[in-house]
Amino acid sequence: MEKIKVGIIGFGFMGHNHADMVQSFDEMELVAVCDTNPEQLTDVPAGVKIYDNADDLLKEDINVVIISVPNPLHKEMTVKAARAGKHIICEKPAAMSVAEFDEMVKVTQGCNVMFTIHHQRRWDYDYRRMKAVFDQNLVGDVYIIKSQLYGVNGNMHDWHIYPEMGGGMLYDWGVHLIDQILQMVPSEIDTIFADVKNVINEKVDDYFNIIVRFKNNITAEIELGTYYLTPKRGWFIGGNKGSAMIDDFSGAGKIVRTKHLLKNVPGKITMTAAGPTRSFGPPEPGLLYEEPLPDVECSHRDYFVNFINAYYGKEELMVKNDQVRRILRFLDAVRESARTNKAIKFE
């Protein structure tokens, strides 16, 4: 079985990550990299060819191109690579609009090349643990899912500060957080309501809160803030048989259950700092108990394992074009909701 020969267009932060990943697989060989900034090319691995022009790289004897250029260039580079007969892995977000993505899909299909987007965070450990909670029905009928990402650094960087370049958090982390929720909940979406803000960044979003109401009666909340000043990667899933939670990227968390429900009968009212209450008073000793979250085996390598197997015809690509298109439509609905302050009917 011949190795898959790979070229990378765009050798910045993600381009370097892709190079390391490719070189970790026996089935793949990194042949060439390309970047217009010579400073990005000072540490290219030995034996790998260097280009400053994508057209020249595409003349190389390679099978697959990884596109990790700024967002507005995704369409141009995808079309060029497809017409050169190369299979394509493109960084997210796939395109600047649904219309752009539709053109990319049309060209790649016409050229009969594989085309997929790098949604590697489907294999994040924290996400996979919570997806296992959901898939295994470990907290019963789910009514709420919360996905939270809070940071302290605040400011965007490099080209991410420019709206015309696809800057801001919706296009950056938002795409991943949305994809995770859409992959977790097997339902059409009824409505999307969103608040998007520029807190300390003048031109691009650095905070958003998105409420998704699915047609299966599950609600999901996706919240991100780069200037939250309480750093956290959080998850919460509430069901009628328990609650599951995670507090960081390591996936540390728990499932919490109650031994019995409060009986709605006359009895002593609990006095709390908030006044008399039964439902929100401190729990009686031993009422709540904890269970471990299910363990999972996953890593970002799994994205490339799937791609390699798909390349050799052993399985289908897991990141499919219709899923990616749904994310781009979702982003349009988020912006429309934030602009109009109204819930948007989606599907």
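Strand β11 (residues 232–239) and strand β12 run antiparallel and are joined by five bridges. Keep in mind that this is a predicted model. Besides these strands, the briefing visits a pair of packed helices, a set of salt bridges and one buried aspartate, Asp172.

**Strands β11, β12 and β13**

- A hairpin links β11 to β12, with two residues making the connection.
- To find your place in this pairing, look for Trp235, which stands opposite Ile246 in β12.
- Ile246 is also a handy marker on the way to the next strand, as it stands opposite Gly253 in β13.
- Strand β13 (residues 253–258) runs antiparallel to β12, and four bridges join the two.
- β12 and β13 form a hairpin too, this time with six residues between them. In that turn, Gly251 has a positive phi of about 85°.
- Strand β12 itself (residues 242–246) is mostly covered, with four of its five residues buried.

**Helices α3 and α4**

- Helix α3 (residues 74–83) packs with helix α4 (residues 98–110) at an angle of about 5°, and their axes are 9 Å apart. That angle makes α3 roughly parallel to α4, as angles under 35 degrees are counted that way.
- On the α3 side, the contact is made by His74, Lys75, Thr78, Val79, Ala82 and Arg83. Their partners in α4 are Glu100, Glu103, Met104, Val107 and Thr108.
- The residues of this contact are a mixture: four are nonpolar, three are polar and four are charged.

**Salt bridges**

- The count for the model comes to 23 salt bridges. Three pairs are described here, starting with Glu60 and Lys49.
- The side chains of Glu60 and Lys49 meet at 3.0 Å, N to O. Glu60 lies in the loop between α2 (54–57) and β4 (64–67), while Lys49 is in strand β3 (residues 49–51), so the pair ties together parts that are 11 residues apart in sequence.
- The two partners differ in cover: Glu60 counts as buried at 11% relative accessibility, whereas Lys49 counts as partly exposed at 42%.
- Within helix α3, Lys80 forms a salt bridge with Glu76, and their closest N and O atoms are 3.4 Å apart. Because these residues are four apart in α3, about one helical turn separates them.
- Lys80 is partly exposed, with a relative accessible area of 29%, and Glu76 is partly exposed as well, at 38% relative accessibility.
- Lys80 and Glu76 also belong to a network of salt bridges that includes Asp55.
- Asp102 and Arg325 meet through their side chains in a salt bridge of 2.8 Å, N to O. This pair links distant parts of the chain, since Asp102 is in helix α4 and Arg325 is in helix α8 (residues 321–340), 223 residues apart.
- Asp102 has a relative accessible area of 33% and is partly exposed. Arg325, with 32%, is partly exposed too.

**Asp172 in helix α6**

- You will find Asp172 in helix α6 (residues 170–184).
- Its relative accessible area is 18%, so Asp172 is buried; the cut-off for that label is under 20%.
- Leaving aside residues up to four places away in sequence, Asp172 touches Lys92 and His160.

Notes: Residues numbered from 1 in each chain as written. Predicted model: local features only at pLDDT ≥ 70, side-chain atom pairs only at ≥ 80, totals over all residues. Heavy atoms only, no water. Axes fitted to C-alpha atoms, helices over the stretch in contact; angles between N-to-C directions. Parallel < 35°, antiparallel > 145°, perpendicular 65-115°, else oblique. Contact = heavy atoms within 4.5 Å. Nonpolar A, V, L, I, M, F, W, Y, C, P; charged D, E, K, R; others polar. Buried < 20%, exposed > 50% of the residue type's maximum accessible area, 1.4 Å probe, protein only. Salt bridge = Lys/Arg side-chain N within 4 Å of Asp/Glu carboxyl O. Pairing = 2+ DSSP bridges.
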